[in-house]
Amino acid sequence: MPKTLILCVVASTLVISAACADESRQPNIVLLFADDLGYGELGCQGNPEIPTPHIDSIAKNGVRFTSGYVTAPYCSASRAGIMTGRYQTRFGYEFNPIGHHNEDPQAGLPRSEVTLAQHLHDAGYATGLIGKWHLGGHPKFHPHRRGFDEFFGFMHEGHYFVPPPYPGVTTMLRRRTLPGGGKGRWVSRDGKLVLSTHMGYDEPAYDADNPIMRAGQPVVETEYLTDALTREAVDFIQRNSERPFFLYLAYNAVHSPLQGADAYMQRFGYIEDIHRRIFAAMLANLDDSVGTVLQ
């Protein structure tokens, strides 16, 4: 197998470009993306509370960009920078479509911009996007029309990791008002559902008109979404091992909604605050997924 270049991006931060004109030197490229992950949450950044050995291994064995800053404070605009290698203000893409605005025919990465996937596709690469797109939900912005041969994931800004009734996870959701009125937190009798008014508004309707898709067709996914994305990534790598490939693995973890799988919740039972414990479970799950991909 050709040499593989692993690129790990946390918290919507880094702009990456690549040129592979020499066919004999075409490395595989795996771009790992963690969504809404604060820079100080990783072990390699000095946080001892939540072990992240697999992500830390990329920092230890690779190059760390310690003076990298976001070019936009929102998911969609910063992804536009990553996919084009250009400041998004240069082509007027400074906003963050959420909810039904994702389906606005004008809301998406301008088609005049050439993506990293298009450049690599034209250099002979197999190209795949697995996970979150958020660069336009209208058909004209579909990943297949922006240089990706394969797509498994969702088009909008977020997605539930497990849909209602949330089996196998502990779920924390934002609400304007708690059951019976009042503010603060409400916890179900079994402890598996937590409602909180700490942000003053309801959890966004992430799954409305936003199915998990394979190519252009909706699919029913029953596995915890982080694990499902990892499964698809491993399959893509194995199937394309005979030719150079570009895999953009855009996890939606640790972006809300907050849902921690049971096994990981048990691992962090010593963390008293349920909000923090769910986050720890999501991050550890993500780190294990990164380890599977690296392996």
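Leaving aside neighbours within four places in sequence, proline 244 is in contact with Gln26, Asn28, Gly124, Tyr125 and Ala126, where contact means heavy atoms within 4.5 Å. This proline lies in the loop between helix H4 (225–239) and strand S10; helices (H or I, at least four residues) and strands (E, at least two) are DSSP runs, numbered from the N terminus. At 15% relative accessibility, proline 244 counts as buried, a word that means under 20% relative accessible area, while exposed means over 50% and partly exposed lies in between (1.4 Å probe, protein chains only). The C-alpha atoms of proline 244 and threonine 292 are 48 residues apart along the chain and are separated by 20 Å.

The structure is a predicted model, in which local features need pLDDT of at least 70 and side-chain atom pairs count only at pLDDT 80 or more, whereas totals for chains, interfaces and linings use all residues. Residues are numbered from 1 along each chain as its sequence is written, and side-chain values use heavy atoms, with hydrogens and water left out.

**Strand S10 and the loop after it**

Phenylalanine 246 has its place in strand S10 and is buried, with a relative accessible area of 0%. Not counting residues up to four places away in sequence, phenylalanine 246 touches a set of residues that includes Ile29, Leu31, Leu116, Leu120, Tyr125, Phe148 and Phe236. Its C-alpha atom is 44 Å in space from that of aspartate 190, although the two residues are 56 apart in sequence.

The loop between strand S10 (245–250) and strand S11 (258–261) holds valine 254, and proline 257 is found in the loop between S10 and S11 as well. The peptide bond from alanine 253 to valine 254 is cis, with omega near 10°, and the bond from serine 256 to proline 257 is also cis, with omega near 10°. As background, most residues other than glycine have a negative phi, and most peptide bonds are trans.

**Residues in other loops and in helix H2**

Two aspartates have a positive phi although neither is a glycine: the value is about 65° for aspartate 36 and about 55° for aspartate 209. Aspartate 36 is placed in the loop between strand S2 (28–34) and helix H1 (53–61), and aspartate 209 is found in the loop between strand S7 (193–196) and strand S8 (213–214). Glycine 200 is also found in the loop between S7 and S8, and its C-alpha atom is separated by 8.1 Å from that of threonine 177, which is 23 residues away along the chain. Serine 78, in contrast to these loop residues, has its place in helix H2 (residues 75–84), and from C-alpha to C-alpha it is 7.4 Å in space from glutamine 88, with their positions 10 residues apart in sequence. The table gives the accessibility of these four residues.

| Residue | Relative accessible area | Class |
|---|---|---|
| Serine 78 | 3% | buried |
| Aspartate 36 | 45% | partly exposed |
| Glycine 200 | 47% | partly exposed |
| Aspartate 209 | 60% | exposed |

**The nonpolar cores**

A nonpolar core is a set of buried Ala, Val, Leu, Ile, Met, Phe, Trp, Tyr and Cys residues joined through side-chain atoms within 4.5 Å. The largest such core has 54 residues, and those with the most contacts inside it are Ile130, Leu247, Leu249, Leu283 and Val293. Helix H6 (residues 274–294) gives the largest share of this core, 11 residues. Apart from this core lies another, of 24 residues, among them Ala80, Leu109, Leu120 and Ala250. Leucine 283 touches Leu37, Glu41, Leu42, Ile50, Thr52 and Val254, not counting residues up to four places away in sequence. In soluble globular proteins, nonpolar side chains tend to be buried together.

**The protein as a whole**

The protein has six helices and 11 strands. Its radius of gyration is 19 Å, close to the 19 Å that the globule rule gives for 295 residues, so the protein is as compact as a globular protein of that length; this radius is taken over C-alpha atoms, and the rule is 2.2 Å times the number of residues to the power 0.38. The C-alpha trace spans about 65 × 40 × 35 Å along its principal axes. Of the 295 residues, 50% count as buried, and among contacts between residues at least 6 apart in sequence, 67% join residues at least 24 apart.
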